Amino acid sequence: MKKIISVVFLLAILLIGTNAARSQTVDDIIQKHLAATGGADNWKKINSIKKSCIRMSRGVEIPLVITIQQGKGYRSESTISGMTSYTVITDKEGWGFNPRNQQKPEALPSETVKLSQDRLDIQGPLIDYKAKGYKIVYLGTDDVEGTECHKLKVTMPSGKEESIFIDASNYYLVRTIEKTKANGKEQSFTTTYGDYQKLPEGIIYPMSFDNGGSSIAIKKLEINKPLAEDTFKPVELKK
Amino acid sequence: MKKNILLFAALLIAGIANAQTKVNSYTFGAMEARWLGPGTMSGRITAIVGVNADSKTLYVGSAGGGVWKSTNAGASFKPIFDKYCMSIGAIAVDQSDPTTVFVGTGESNMRNTVSIGDGLYKSTDAGDNWVKVGLDSTEHIAKIIIDPKNSKNIYVAAPGPLWSDSKHRGLYKSTDGGETWNKVFYINDKTGCADVAVDPNDPNTVYVTMWEFRRFPYAFNSGGMSSGMYKSTDGGKTWKELKNGLPAKPFGRIALTLAPSAPQNMIAIVEAKETGLYISSDGGETWKSQSATMNVVSRPFYFSCLVIDPKDPKRVYRPGFGFSYSDDGGYSFSDASYDGGWVHSDHHALWINPNYTNQMYLGTDGGVYISLDRGATWMFVYNLPVGQFYHVACDNNTPYRMYGGLQDNGSWVAPSAAPGGVNNSNWQDMYGGDGFWVQPDLTDNNIAYAESQGGNMGRIDLTTFKSIDITPQQAKEDEKLRWNWNTPIVTGQANHHNLYTAAQYLYKTTNQGRTWQKISPDLTTNDKKKQQQEESGGLSEDNTSAENHCTIFTIAESPLDENMIWVGTDDGNLQVVTDGGKSWTNLAKNYEAAGIPAQTWVSSIEPSRYDRNTVYATFDHHMYGDMNTYLGKSTDGGKTWKRITSPEFTGFAHKIKEDIINKDLLFLGTERGLFASIDGGETWFRMKNHIPDYCMVRDIQIQPQTNDLVLATHGRGIMVINDISPIRSLTKDVVDKDVVIFPNKPLIITTGKYGGGGSPVSGGWWGGNPDDIQPIEYYLKERATKDVKVEIYDASGKLVQSIPGSKRKGVNKVYWNLRSIPPKTATGGTKADFGGFIAPMVLPGTYTVKLIAGDKEYTSQLQMVHDNNDKLFSEEDAKQQYDAAMQLYHMHEQLYVLVDKINTEQKEIKEYMDVVKKASEKKQLKEHYDKLEELRSTLLATKHKSIFADEKKLRENITEVYGAICGQECKPTNLQLGRITGLNDDLDKGKKTYDRLVADYGTKTTEIINTEKSRPKTNPSNAGN
């Protein structure tokens, strides 16, 4: 009899667990994610970030620097053989320059600039998403390479969509899949995150990410440090 | 009682162990299937729907490969339904909000091999995510119509189950966008809804055709008095039958459509005693007979597609056995030409771009075609890998070849690897008709055996692809031979010289089919009631050998004893002989005792290679309406059986495969998935390793040299999981550990197996290659949240290479290119130079692999060996190559230092050139700068930016030789070695020039700059800002 009660009890717990999983809401998951990664307040204190990274390619370390000022600008630059390519996006314009095949910085199409506005958001779409105009729906759990994740789908004001996968056990960000349209043709871009570290600012930050077949490790993070005046202009920055 | 307690305890322990280990497909992590496709012959397409608003977004449904989406009018596709049922019956896009898409699963072209569905799915984000919204038990869905004026109203035509009576059929309607469903028209449990049309101007007017049909394993019936055509003018509440002008009942299947631009105009192909096309111009109230050409009347159960041009009510399209079009509303038809290439027969879907009606997409048994001239000519789409293989076999070549036959697409062979990766062009058609078994002759590399439906088989010369008919013939004393649609041709596992095939008798040849020996009596039940195929079809006679019954379906020779042969039939007999064919024993009653139904198809038999008396078998009872998974095992030669079950199993079973190394590793292929067990069948899990969750897995092979798991899927072509060795290593003890670094096999030092021009594949399907170089593999029990990297050290402890490690749960693979860290190369200039990305191959020896996962380290040894099979590249050659490459490597690094000094000096001089005041000092700095620039321009390309203008200086010249030497398996040539000497002289010359400049200008320049630095107001860094 005792055994039967135990079995019933176990089943009840399992069922409750299942229902609990089903009853998760967007806000529940975001709240747990933010709690697990340092809290919204700490994230909101970050106004600028400069990530000095190494992209590994065939045993070669390629420097990559990503600089973002919240809502103002985004810059990524990569240096190979002493030649620096960069992409700059502001809230209004964007430029790209590759010294190997361009004489001067070239303006990015306005559609690209529009669809890239989320890159200016250091905090990501989950913080104050309603105020930012993001729409988010919860799509249940999904496996990312064997790790059970909560799947959120974000629709940005630009129309760009992003699926966000949050580890169901620790609520860290595991993967994002951006879906954009170029001339009506859908393209997707997957980034997988790892090496989570607690920063002095109190947030848990993924210090590595893989995308486009490359593995990128952040070697140095500068948060809320003054940025060079030209950071978000189409010029090569002084080293 | 004690026994029960022990059993309970054992179960409890097993449960706890399971809870700890929980082996599943993710345990095998990065061991993901390659999709070989190909797109060459593609496969059966069942639905095509485009988005009217953009005319270039397409959804393509397939018979066994799920849904594929294109957003570029068919230039490329991606699968979007891989977590769900693979058999697609219908697709509908809400054209008023095209992000809403419905997919009805379960194809409704009711052939003998049609699969089943599990309901209706809805996406509200253009196919990214799906939710099942009901109709789970309908099994087949023929059409979905969304009310064009109110997309909350949706109609679904469900023919319903093919193999059984069922109430889950008829016309279903939702009035809340698919949330809930009501059956709004139903006749009886034998009659489903085959078609539905809604008047776009008056969506309350709905037309349906009802179809009485049924398949049995040995017969098909299309037709009955319950079939008919009906009309509702109140959105499906009430119905009246339309008869006026139609032929006399009984009817079979009726295809019905209306003209979108003039919906009162309708056409229908009515299967009746005299099947024909009928037209109505008054909304179906009266009908008039029109064409009854072959393409209109043939196989109405299979060809139910009929379309009217969106703008022109007189332009009628009949995709059927061939493609026909009419300009007079269906009175007369013309046939499409083959000017754009042959168009595969058997058409099931057509989408016409309403914005440009010349453009249309046709779905056939052999893929998708595009027309830009209203269907007169067609171009094939080569990038949909949805072929329906029945079987696959591999030979022992290097690389091994894969052989298989497909539904309506013959038999093909392709290498498992090829320069540039396996693509469409690597596939060779080798035999016609519907293809099934293909067996390579493992004793003769130039011979294979293949067949077409109904037992027609040939011996094929693989050098010319000419074939010789080897079909066994009826002997005078025999009954008429009964060949299964999918007749087995099987090579002996114990003796590869033995080749078997079977009708109701088993035949064996040992001389490639030149002579056959009948080695059994009739092994079937020989039930005459199941042998009336000439009467099969119902209203339309249809006897294509698809219903042949009381036949042998599977043959297996024991790998341990060529005299022990197992045979399974389609009517439930499982027979074994242990004396090569004299005394047969029927084991049907024995497996029935284990709870496996009688008269079921014995779909595969797997005699164990570890124990002569152990045998596994799968049983398929779906043709009696039973979709359960039946798998049995006997350990006493078939006397007693145990049914193996698992809550994971879905779909009727096709194939059981025992691993060739690990007796506890089993694979099971079913109509709805691939499953594996690592404990001899006690527990199972679904394999999702880049395999669609519910993939139809018809056949499974393990290639013995590569240990590749090769799958014949019935809708996604051939899939290969390269080298399953890690699965064998992952015992339950191992998977409990947090991190395991797998022992490395000796690694042959190579640039890879294949060369090639390197041009990217232009269109078509590309299946890639297995790993060129064996990866370093490790296992992580959970996904790593900290950094993971792999470092390689040589015997002296020097770091050779550091590689970021993947962090996924389960088996991870890290690819080391067998090279050291590339040199630092001179920076700057106007050209991208790739010398800094090239390193020589390492030399043979013992290396250490260090896996760093978070704060823990794990090491293993790695033996690097020379490829002694390469007779043109000795170990001494490799040493010479390495030495030469390292000379160039060091030259690059020396040049880097030299150019770095120049760059640094130039930067500093430039900063002060504008700051100094004295003309003499300005002149000194400028001269120094220019001399340095003069030197720099001899060391690296500095002038031409265009990628179309060659400029080669010392850096580029070193890279040219360095790249050539490093990138090949060959000792350096005399001229390469000579050039190294010349380039080294150039480098020395550069160094000397630099030293001379230092001597001539250095002291004075330094003095000027230091003086300038000491001035308080002339800080140039501030001045520059």
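Q: In this predicted model, which exposed residues does the face of α2(A) turned away from its buried side carry?
A: Start by sorting the helix residues into buried and exposed, then look at where each set points. Here the face turned away from the buried side of α2(A) carries A:Asp27 and A:Ala35.

Q: And which residues of helix α2 of chain A are buried?
A: Helix α2 covers residues 26-36 of chain A, and its buried residues are A:Ile29, A:Ile30, A:His33 and A:Leu34. They span an arc of only 130° around the axis, so they sit on the same side of α2(A).

Q: What covers those buried residues of α2(A)?
A: Among the elements that do so are α3 (40-44), β7 (135-144), β8 (147-155) and β9 (161-167) of chain A. Look past the end of the helix too: just after α2(A), A:Gly38 takes a positive phi of about 115°.

Q: Let's move to chain B. Which residues there have a positive phi although they are not glycine?
A: Check the phi, then ask where the residue sits. B:Ala73 has a phi of about 65° and lies in the loop between β4 (67-70) and β5 (78-79) of chain B. B:Asn526 has a phi of about 50°, and its place is the loop between β43 (517-518) and β44 (537-538) of chain B.

Q: Why does B:Ala73 count as partly exposed, and why does B:Asn526?
A: Count C-beta neighbours: 20 or more would make a residue buried, and 12 or fewer exposed. B:Ala73 has 18 inside 10 Å, so it counts as partly exposed. B:Asn526 has 16 inside 10 Å and therefore counts as partly exposed.

Q: Where are cis peptide bonds found in chain B?
A: Omega is the angle to check. One such bond joins B:Gly37 and B:Pro38, with omega about 5°; B:Pro38 is in the loop between β1 (33-37) and β2 (45-50). Another joins B:Thr398 and B:Pro399, with omega about -10°, and B:Pro399 belongs to the loop between β31 (389-394) and β32 (401-406).

Q: How do I read a strand, say β53 of chain B: how many of its residues are buried?
A: Look at cover first, then at partners. Strand β53(B), residues 653-658, is mostly covered, with 6 of its 6 residues buried. It runs antiparallel to β54 (residues 666-670) of chain B, joined by 5 bridges. B:Glu658 stands opposite B:Leu666 in β54(B).

Q: Last one: how many residues does each chain bring to the contact?
A: The size of an interface is often given as the accessible area lost when the parts come together. Here we count residues instead: chain B gives 33 and chain A gives 27. On the chain B side, they divide into 9 nonpolar, 12 polar and 12 charged.

Note on methods: Residues are numbered from 1 along each chain as its sequence is written. Chains are lettered from A and ligands numbered from 1 in the order in which they are written. This is a predicted model: local features need pLDDT of at least 70, side-chain atom pairs count only at pLDDT 80 or more; totals for chains, interfaces and linings use all residues. Two residues are in contact if their C-beta atoms, placed from the backbone, lie within 7 Å. Ala, Val, Leu, Ile, Met, Phe, Trp, Tyr, Cys and Pro count as nonpolar, Asp, Glu, Lys and Arg as charged, and the others, Gly among them, as polar. Helices (H or I, at least four residues) and strands (E, at least two) are DSSP runs, numbered from the N terminus. Two strands pair if DSSP finds at least two bridges between them. The arc is that of the directions from the helix axis to the C-beta atoms.
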